[in-house]
Amino acid sequence: MPTYNQAEAILQVQDVGVAYGDKQIIQNINFTEKDVLRPDQVQGQTIAFVGRSGRGKSTLFRSLAGLEKPTQGTILISDLDAQEQEGHPPLRGVREGDVGFVSQNYVLFRHKTIEQAMEFAMRKREDVSETEKGKMITQHLKDWGLYQVKDQYPNELSGGQRQRTAILEQVLSSTNYIIMDEPFSGLDVGNIQNVINAFKLINLSHELATIIFCTHDIELAVELADSLYVIGYPTKPGGGLDNVGTLVKHFDLKARGIAWSDQFSREHQLLVEEVKQAILDS
Ligand SMILES: Nc1ncnc2c1ncn2[C@@H]1O[C@H](COP(=O)(O)OP(=O)(O)O)[C@@H](O)[C@H]1O
Ligand SMILES: [Mg+2]
């Protein structure tokens, strides 16, 4: 079982709810994720959300990305620009632009080549010089298998290349948080593998790198995540389901000893069954 410690909170969601008009979509969302420290390893965290369609995954994700202000509650993330306190960045309310967001229906700039899109994505970063930016872009394009298409336009790319471009834009533009809404949907096996590889590259890039994603592929969620939440409708006290989404289950793969595994073991398979049942029950 891999050893690890948990340090400061990097994401703290307190009592979050979102309503559109008088229709409450999600409510009572509470969870905290901490920086996970592994000996001799620089590694970020990977957090998965699963749940049936319409339960509020995209709504929650837009709130986590600061794109939509929740009608209730607070969302705090690490403030990497602030002075560290006791060796850790303090927490502050999330704002638009803090978190990279790859939406379900992402769009690419039609009139920019891949390389130009990356330059545009990095335009607001003041922590790296222009020369440094150029080097970073070249290195990332190579690592992500996009270098050979750097002078092409989005309509000249395959679906998988477009998906990686959309993710890489967010990686280069923002801090350590990246949220991906169904990044695997509609991709063939080869491209799914490419996105998995992209996850690994992001994960190893920084201690505080944090990937938050949702998927309908439970096996993939269990394979990739170290923390997994089921969002669904809770059971009402008298029986039957409520009709407002919330977190109905949390599975900590670290505590189960099956996070960061190269093998899909019997324990992973058992967890898949548990997760499926939790989804069906909510
Ligand atoms: N802008 C909006 N206005 C009104 N209702 C919305 C809006 N966005 C989403 N909804 C509703 O919120 C519910 C949850 O949607 P969504 O967050 O997209 O769920 P999921 O991503 O889990 O499929 C759905 O019933 C959807 O119709
Ligand atoms: Mg959705």
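Select Gly 100 in strand S6 (residues 99–102) and you will find that Gly 100 stands opposite Ile 178 in S7, where strands and helices are DSSP runs numbered from the N terminus, a strand being E of at least two residues and a helix H or I of at least four. The model in your viewer is predicted, so local features need pLDDT of at least 70 and side-chain atom pairs count only at pLDDT 80 or more, while totals for chains, interfaces and linings use all residues. Residues are numbered from 1 along each chain as its sequence is written, chains are lettered from A and ligands numbered from 1 in the order in which they are written, and side-chain values use heavy atoms, with hydrogens and water left out.

Next, select both strands whole: S6 and S7 run parallel and are joined by four bridges, and two strands are said to pair if DSSP finds at least two bridges between them. Moving on to strand S8 (residues 210–214), you will see that S7 pairs with S8 in the parallel sense over five bridges, with Met 180 standing opposite Phe 213 in S8.

Which residues of S7 are buried on one side, and which on the other? Tyr 177, Ile 179 and Asp 181 are buried on one side, and Ile 178 and Met 180 on the other, where buried means under 20% relative accessible area, exposed over 50% and partly exposed in between, with a 1.4 Å probe and protein chains only. In a regular strand the side chains alternate between the two faces of the sheet.

Now add helix H5 (residues 189–205), which together with S7 and S8 makes a right-handed β-α-β unit; right-handed means that, with the strands pointing away from the viewer, the path from the first strand over the helix to the second runs clockwise.

Widen the selection to the open sheet, whose six strands have the order S6-S7-S8-S3-S9-S10 with mixed pairing. S6 and strand S10 (246–252) stand at the edges with a single partner strand each, so one side of each is left without a neighbour in the sheet.

Within this sheet, select strand S9 (residues 227–232), which is largely enclosed by the rest of the structure because six of its six residues are buried. Strand S3 (residues 45–50) runs parallel to S9 and is joined to it by four bridges, and Ile 47 stands opposite Ser 227 in S9. S9 and S10 run antiparallel and are joined by six bridges, with Thr 246 in S10 as the bridge partner of Gly 232.

Turn next to Leu 108, in the loop between S6 and H2, which is buried with a relative accessible area of 14%. Leaving aside neighbours within four places in sequence, Leu 108 is in contact (heavy atoms within 4.5 Å) with Pro 154, Arg 162, Thr 165, Ala 166 and Glu 169.

Finally, select Arg 125, in the loop between helix H2 (114–121) and helix H3 (130–143). Is Arg 125 buried or exposed? Arg 125 is buried, with a relative accessible area of 16%. Its side chain reaches the backbone oxygen of Leu 172 at 3.1 Å, and Arg 125 also touches Lys 133, Met 136, Val 171, Ser 173 and Ser 174, among others, not counting residues up to four places away in sequence.

Technical notes. Polar contact = N/O pair within 3.5 Å; in protein donor to acceptor, adjacent residues only side chain to side chain.
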